[in-house]
Amino acid sequence: MSEKKVPYKIYLTEEEMPKAWYNMRADMKNKPAPLLNPGTGKPLTAEELSPIFCEELVAQELDDTTPFIEIPEEIRDFYKMFRPSPLVRAYCLEEKLQTPAKIYYKFEGNNTSGSHKLNSAIAQAYYAKKQGLKGVTTETGAGQWGTALSMACSYFDLDCKVFMVKVSYEQKPFRREVMRTYGASVVPSPSETTEVGKKILAEHPGTTGSLGCAISEAVEVATKNPGYRYVLGSVLNQVLLHQSVIGLETKIALDKYGIKPDVIIGCAGGGSNLGGLIAPFMGEKLRGEADYQIIAIEPASCPSFTRGKFAYDFCDTGMICPLAKMYTLGSGFIPSSNHAGGLRFHGMSSTLSQLYHDGMMEARSVEQTSVFEAAEQFARVEGILPAPESSHAIRAAIDEALKCKETGEEKTIVFGLTGTGYFDLVAYEKYHDGQMTDEIPTDEQLQESFAKLPKIG
């Protein structure tokens, strides 16, 4: 099919929407290392995980062999409110850059939560309701996950308790109010409402918090209250599974027009968006059916891939969660309060960490002033105000397109536009007023954090 016939937006029909999630681990030769019990140092069993997570989600978390897992009809029906999402050809950006590259982005911001997070939130709420639970607890950084989960819990009449990283809680009051509109309770973390929160505040007075802190509090509340379970918006295998709907839709849309991407780019914090976007393409790569350049983009202020250690570490600051083998900066690492948006988790998905360790993809870190420069450039020509998280991928996509301009290569670039930035205007204001700086951890700071990693393996 002629390239001129590719529309600005490629939409799928409801019939073309995926009916099953894709599990990358089924095709991985080297499986992600198992979660470990911090007390025994042995792999966690389903029985040990069930007091923390919903039973069906535990099964998905531990499944390394099933390639496709059916999406329940109730979840597919909910997806139809905002899916399929459009795959957009960035013609205006291409023209502005004067690049021979062809740029596409998968836009996940066309729902109330403003991000891709709703793909997994509705699935986790569904399984909690199916199990007969009263409610769930969680953490949220920039607020997209908390918003998505609040909406999903409202739909299924579940109680939702959100611990929001304190710096985001203070910087994004309107995101907090959206959660409350959907019936969630929102607490700034670390807080005095939990034992682990009190401990963290005693050890780090005045701390602005981190996802690791908020996770500790959410897990404590879930395990101490009957009828509640903890749910997480990134990092876990189950979340990457649910988010694979992004990549599956992307591939179906590209295949409709005979398009094969050369470069696939995703922002990386804990791994949900990146893992979801690359899933079917990585599957082809793992099976030897095709090859792609896959790039993970992370913030220089929280560079777990590019400067972290591949080791077992706690998933939370309070050290009450299971141990995961991942690229990590140390569970006690707290990103600079100047860091805008999400992507502030100290570690990375075990699945993505193993793929990166095996050389199946590459990673880059970018400074946030450069990220917001790209965000502004994109907004001015494509008409969408992007979330800071998404803008990391935009930065890399622009850089790759400019390389094509220099070399004359006509590469096809696909990146994930995870959501919109209308709740991030404080960060945009700081950028425009020249008050945004690039705070990058020193080697000494990271070594101090690495020294506290658990001595496992």
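This talk goes through a predicted model, taking a sheet, two helix contacts, some backbone geometry, and then the empty spaces.

Let me start with the sheet. It is an open sheet of 4 strands in the order 8-7-6-9, and the pairing is parallel. At its edges sit strand 8, residues 185–189, and strand 9, residues 228–230, each of which pairs on one side only. If you look at how the neighbouring strands are set against each other, they are turned by 20 degrees on average, with direction ignored. Strand 7, which covers residues 159–165, runs parallel to strand 8 and is joined to it by 5 bridges, and within that pair you will find Lys161 standing opposite Ser185 of strand 8. Packed on the sheet is helix 6, residues 144–155, which touches both strand 6, residues 135–140, and strand 7, and whose direction makes about 165 degrees with that of strand 6.

Following the chain out of helix 6 brings us to a residue that deserves a short pause, namely Asp157, which lies in the loop between helix 6 and strand 7. Most residues other than glycine have a negative phi, and most peptide bonds are trans. Asp157, although it is not a glycine, has a positive phi of about 55 degrees. As for the peptide bonds, the one from Ser189 to Pro190 is cis, with omega near 5 degrees, and Pro190 is placed in the loop between strand 8 and helix 9. Another cis bond leads from Arg83 to Pro84, here with omega near 0 degrees, and Pro84 belongs to the loop between helix 3, residues 73–79, and strand 4, residues 87–89.

Now to the helices, and to the question of how helix 9 is set against helix 10. Helix 10 covers residues 211–224, and the two pack with their axes 8 Å apart, at an angle of about 155 degrees; helix 9 and helix 10 are therefore roughly antiparallel to each other. On the helix 9 side the contact is made by Glu195, Val196, Gly197 and Ile200, and on the helix 10 side by Cys213, Ser216, Glu217, Glu220 and Lys224. Sorted by class, the residues of this contact are 3 nonpolar, 2 polar and 4 charged.

The other pair I want to show is helix 2, residues 55–62, with helix 11, residues 237–256, whose axes come within 7 Å and cross at roughly 90 degrees, which makes helix 2 roughly perpendicular to helix 11. Here Leu57, Gln60 and Glu61 of helix 2 meet Asn237, Gln238, Leu241 and His242 of helix 11, and the class count for this contact is 2 nonpolar, 4 polar and 1 charged.

That leaves the empty spaces, beginning with the pockets. How much space lies in the largest pocket? The value is about 620 Å³, and of the 25 residues that line this pocket, His204, Gly332, Phe333, Ile334 and Lys452 are the closest to its centre. Two or more lining residues come from each of helix 9, residues 195–203, and helix 18, residues 443–450, with helix 9 giving the largest share, 4 residues. The lining as a whole has 9 nonpolar, 10 polar and 6 charged residues.

The second largest pocket has a volume of about 220 Å³. Among its 15 lining residues, Ala33, Pro34, Leu35, Glu61 and Asn237 lie nearest the centre, and here I would remind you that Glu61 and Asn237 also take part in the meeting of helix 2 with helix 11. This lining divides into 10 nonpolar, 2 polar and 3 charged residues.

Turning from pockets to cavities, a search of the whole structure finds 5 of them at 30 Å³ or more. In the largest cavity there is about 410 Å³ of space, and of the 33 residues that line this cavity, Lys117, Leu211, Ser234, Gly342 and Leu343 are the closest to its centre. Which elements give two or more residues to this lining? They are strand 6, helix 6, helix 10, helix 12, residues 272–286, and helix 16, residues 388–407, and helix 12 gives the most, with 3 residues. By class, the lining of the largest cavity comes to 12 nonpolar, 17 polar and 4 charged residues.

Definitions and conventions:
Residues numbered from 1 in each chain as written. Predicted model: local features only at pLDDT ≥ 70, side-chain atom pairs only at ≥ 80, totals over all residues. Heavy atoms only, no water. Pairing = 2+ DSSP bridges. Axes fitted to C-alpha atoms, helices over the stretch in contact; angles between N-to-C directions. Contact = heavy atoms within 4.5 Å. 1 Å grid on protein atoms, 1.4 Å probe; cavity = no way out; pocket = protein on both sides within 12 Å on 5 of 7 lines; lining within 4 Å. Points joined across faces, edges and corners; volume = space filled by probe spheres on them. Nonpolar A, V, L, I, M, F, W, Y, C, P; charged D, E, K, R; others polar. Parallel < 35°, antiparallel > 145°, perpendicular 65-115°, else oblique.
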